[in-house]
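Me: I would like a close look at a single part of this protein, and I would be glad if the terms were explained as they come up.

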Amino acid sequence: MVERAGVRVHHTAEVSPDAAIGPGTSIWNQAQVREDARIGAECVIGKNAYVDAGVVIGDRVKIQNNASIFHGVTVEDGVFIGPHVCFTNDRVPRAVNRDGSLKTDTDWEVSPILVRSGAALGANSTILPGVTIGRWSMVGAGSVVTGDVADHELVAGNPARRLGSACPCGQPLRDVDGEPFAGDCPACGTPFPP
Ligand SMILES: CC(C)(COP(=O)(O)OP(=O)(O)OC[C@H]1O[C@@H](n2cnc3c(N)ncnc32)[C@H](O)[C@@H]1OP(=O)(O)O)[C@@H](O)C(=O)NCCC(=O)NCCS
């Protein structure tokens with residue numbers, strides 16, 4: 001790891017000189033951070049992760065190995081992005097035009113994705129374009145998120161459906177009689193919703 005201005009970058013990582021990285025952030029083996037990406041302080045960018053041009057990432061975000069974060073994604077503070085998570089950005093992608101000629105970057109129609117602070121995305125989940133993932137929500141492993149996820153909501157599956165709520169400590173909280181859980185979290189004792 002090479003440390004410069006409080007940023008630790010593994011010697012095999014590829015970080016654009018036009019990316020802005022906050023102090024205390026570590027970027028591991030073979031990760032790539034493209035031009036104009038903005039990454040906050042104290043983040044961990046795992047092995048082989050990809051942060052596309054212009055992506056904005058807050059402070060204390062953990063991005064696990066092989067996650068792909070494409071253009072148009074904004075990630076707020078304290079978000080967990082599990083291994084192999086894939087953000088998509090064009091709802092109806094094509095490689096070529098009707099005449100068979102290759103499409104260029106300007107043909108790409110990006111629908112932005114916003115991941116609010118404290119949210120956690122399980123391993124191998126796929127996030128479709130245009131979605132907002134709420135504060136402290138949790139997405140189960142392998143989910144395909146096709147629509148917005150509410151603050152504190154726990155979703156899983158393909159398509160991702162509500163399983164209940166998630167405490168900020170991580171504890172899943174089942175709905176009671178069809179209503180979101182309200183009371184002290186059985187794991188941490190903190191009142192929910194906060
Ligand atoms: C979503 C999650 C938090 C749910 O935990 P939980 O509430 O303890 O879930 P349970 O095991 O009690 O399962 C509840 C139901 O949801 C289903 N379920 C749980 N996780 C699921 C998932 N990822 N996808 C689809 N269904 C899931 C279970 O099959 C079960 O269904 P059933 O009631 O029909 O039997 C957890 O399963 C998960 O996926 N965590 C993410 C792990 C991860 O990716 N970590 C990354 C770091 S390595």
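Reply: What follows looks closely at one strand and its partners, and then at the whole chain.

This is a predicted model, in which local features need pLDDT of at least 70 and side-chain atom pairs count only at pLDDT 80 or more, while totals for chains, interfaces and linings use all residues. Residues are numbered from 1 along each chain as its sequence is written, and side-chain values use heavy atoms, with hydrogens and water left out.

The part chosen here is strand β22, which covers residues 153-156 and includes Glu 153; strands are DSSP runs of type E with at least two residues, helices are runs of H or I with at least four residues, and both are numbered from the N terminus. Glu 153 counts as buried because its relative accessibility is 13%, where buried means under 20% relative accessible area, exposed means over 50%, and partly exposed lies in between, with a 1.4 Å probe and protein chains only. Leaving aside neighbours within four places in sequence, Glu 153 is in contact with Ser 137, Met 138, Arg 162, Gly 164 and Ser 165, contact meaning heavy atoms within 4.5 Å.

Two of these contacts, Met 138 and Arg 162, appear again in the pairing of β22. Strands of a sheet pair through backbone hydrogen bonds, either parallel or antiparallel, and two strands are said to pair here if DSSP finds at least two bridges between them. Strand β20 (residues 138-139) pairs with β22 in the parallel sense over two bridges, and Met 138 stands opposite Leu 154 in β22. Strand β23 (residues 161-166), by contrast, pairs with β22 in the antiparallel sense over four bridges, with Val 155 standing opposite Arg 162 in β23. The hairpin of β22 and β23 has four residues between the strands, and in this hairpin Gly 157 takes a positive phi near 100°.

Elsewhere in the chain, an open sheet of six strands follows the order β4-β7-β10-β13-β16-β19 with parallel pairing, and its edge strands, β4 (20-21) and β19 (132-133), each pair on one side only. Within this sheet, two bridges join strand β7 (residues 38-39) to strand β10 (residues 56-57), and Arg 38 stands opposite Val 56 in β10.

As a whole, the protein chain has 26 strands and zero helices. Of its 194 residues, 39% count as buried, and the C-alpha trace spans about 55 × 50 × 20 Å along its principal axes.
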